[in-house]
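The following exercises concern salt bridges, an interface and a nonpolar core. Please work through each task before reading its solution.

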Amino acid sequence: MARDTDSSLYDQVVRITHVYLGPAADRFIARQLENHLHKSPEELSPADLLSLIDWIRVVVSLLTEDNGIVEEYIAELQKLADAQTHTKRKQNHK
Amino acid sequence: MTSQRQAAQPISRSLQQAALLVAAYVLLVFLLPASVATRHTYHLSALEYRSALLAVALPSLLTWVAAFLGYAKLRQYVTVVRKSPEGSYFDKLATGCAWLAWSLPVSSLFGLLANAAGEEWSAVHGAATITDNYLGVLLAVVAFSLIGAASRGLVNHAKLKFSLAGVRGLMLSFLAAGVLYCYLVFRRLDLTSLGSTHNAYSLPIWLVVLSVIIPYLYAWFAGLLAAYEINLFSKHTNGVLYRQALQLLVGGLTAIILSFIALQYISTVVPSQGHLVLGYRLVIITLFRIIGGGGFLMLALGAQKLKRIEEV
């Protein structure tokens with residue numbers, strides 16, 4: 001868990017994606033960022049996360065008809081987005 | 001739009017090549033002299049003989065198309081992942097599959113020509129049989145060696161290790177099939193004279209052992225090991241969606257390898273008589289060709305799904 005907070009946001013998104021897309025995860029996320037958000041992996045910020053999740057939902061739905069897998073994947077990403085929001089709020093309070 | 005057209009090029013080129021080879025086969029069936037032995041056995045006219053030959057060859061011709069489609073789809077996937085860490089192994093796998101796909105029309109067309117030549121000039125019969133056998137051995141050794149190198153690379157890249165039970169099962173099945181193969185081949189040879197060429201292979205026994213049996217056993221072992229390794233790789237790869245696509249590809253590849261081994265096994269244990277014989281050998285060979293064709297279609301579907309993951 002400590003590693004999650006230490007690694008970059010991009011790495012955390014790739015780590016979640018790896019469970020669903022295996023070796024293609026890194027390439028997949030980099031492509032979504034570049035094609036839809038016009039950003040490089042290093043430029044991914046917590047503010048981009050929700051729109052990235054929306055795009056991922058659309059794109060993964062094209063890969064499988066199993067909605068369970070899509071929803072599970074999106075829920076994992078949503079948890080990451082919530083954790084980012086929580087961290088940001090904490091920092092603002094300080 | 002341009003990239004889509006470029007991506008479709010290898011597929012259309014492969015299908016064109018398959019269509020040309022099918023056309024060449026059909027043309028040869030009608031141009032080459034009809035087998036007197038078959039016509040006499042089944043009381044067929046020349047046209048009836050040719051129609052029967054085409055009908056019998058139809059599953060094989062469809063398998064050629066499936067095979068060319070399968071390796072072209074895999075090649076297409078490779079172009080997308082070539083720069084990835086596992087890209088070079090998939091590249092080698094695609095090359096191995098291309099050799100297997102090409103071996104189908106090459107050996108069939110050569111067989112057709114060799115049979116016609118053997119029928120016309122009996123002196124050529126021996127040379128045609130020898131060349132046919134060596135062509136089969138060469139294609140099997142090259143294709144299975146390439147596929148074996150690719151599967152070994154994937155397993156090493158993923159740092160996977162064989163289970164003892166898996167290796168024992170593989171060795172046992174290979175040894176059983178290998179010993180049975182030697183027994184069945186030796187039954188067809190005159191073992192009292194090692195130099196005699198009066199056998200279905202038109203070669204002295206010592207040369208059959210050295211240049212046909214041993215290379216085939218090597219190729220089959222490489223093929224079986226590759227099937228085992230690639231299945232191991234697909235089971236241990238992360239990614240639910242990636243694994244689903246990979247398992248389709250691997251399932252197809254396993255069916256292809258097993259069907260090729262079975263076809264080579266049958267064609268050496270029960271050598272062709274040089275003309276069309278409607279019997280159990282033909283039925284079994286057709287069955288394994290259909291299994292191989294199905295395998296190539298599965299391979300194409302798996303490669304298509306993997307490519308989609310890399311494109312969306």
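At 36% relative accessibility, B:Arg152 is partly exposed, a class that runs between buried (under 20% relative accessible area) and exposed (over 50%), computed with a 1.4 Å probe on protein chains only. The model is predicted, so local features need pLDDT of at least 70 and side-chain atom pairs count only at pLDDT 80 or more, while totals for chains, interfaces and linings use all residues. Residues are numbered from 1 along each chain as its sequence is written, chains are lettered from A and ligands numbered from 1 in the order in which they are written, and side-chain values use heavy atoms, without hydrogens and water.

**Exercise 1.** Identify the salt-bridge partner of B:Arg152 and state which parts of chain B the pair ties together.

Solution. Step 1: a salt bridge requires a side-chain nitrogen of Lys or Arg within 4 Å of a carboxyl oxygen of Asp or Glu. B:Arg152 satisfies this with B:Glu229, the closest N and O atoms being 2.6 Å apart.
Step 2: B:Arg152 belongs to helix H5 (residues 122-157) and B:Glu229 to helix H7 (residues 205-236) of chain B, so the bridge ties together parts 77 residues apart in sequence. Helices here are DSSP runs (H or I, at least four residues), numbered from the N terminus.
Step 3: B:Glu229 is buried, with a relative accessible area of 2%.

**Exercise 2.** Describe the salt bridges B:Arg75 to B:Asp91 and B:Glu311 to B:Lys307 by their place in the helices.

Solution. Step 1: the side chains of B:Arg75 and B:Asp91 meet at 2.6 Å, N to O. Because B:Arg75 is in helix H3 (residues 46-81) and B:Asp91 in helix H4 (residues 87-120) of chain B, this pair ties together parts 16 residues apart in sequence.
Step 2: B:Arg75 is partly exposed at 22%, and B:Asp91 is partly exposed at 23%.
Step 3: B:Glu311 and B:Lys307 meet at 3.1 Å, N to O. Both lie in helix H9 (residues 280-311) of chain B, four residues apart, about one turn of the helix.
Step 4: B:Glu311 is partly exposed at 40%, whereas B:Lys307 is buried at 9%.

**Exercise 3.** Characterise the interface of chain A and chain B by its contacts and its salt bridges.

Solution. Step 1: 17 residues of chain A are in contact (heavy atoms within 4.5 Å) with 16 residues of chain B.
Step 2: the rule finds two salt bridges across this interface, out of nine over all chains of the structure. In one of them, B:Glu86 meets A:Arg27 at 3.4 Å, N to O. A network of salt bridges links A:Arg27, B:Glu86 and B:Glu310.
Step 3: on chain A, helix H2 (9-21), helix H3 (25-37) and helix H4 (49-63) each supply at least two residues of the side that touches chain B.

**Exercise 4.** Which residues touch the most other members of the largest nonpolar core?

Solution. Step 1: such a core is a set of buried Ala, Val, Leu, Ile, Met, Phe, Trp, Tyr and Cys residues joined through side-chain atoms within 4.5 Å.
Step 2: among the 114 residues of the largest core, B:Phe144, B:Tyr181 and B:Phe296 touch the most other members. H7(B) gives the most to this core, with 15 residues.
Step 3: leaving aside residues up to four places away in sequence, B:Phe144 touches residues including B:Leu100, B:Trp220, B:Phe260 and B:Ile261.
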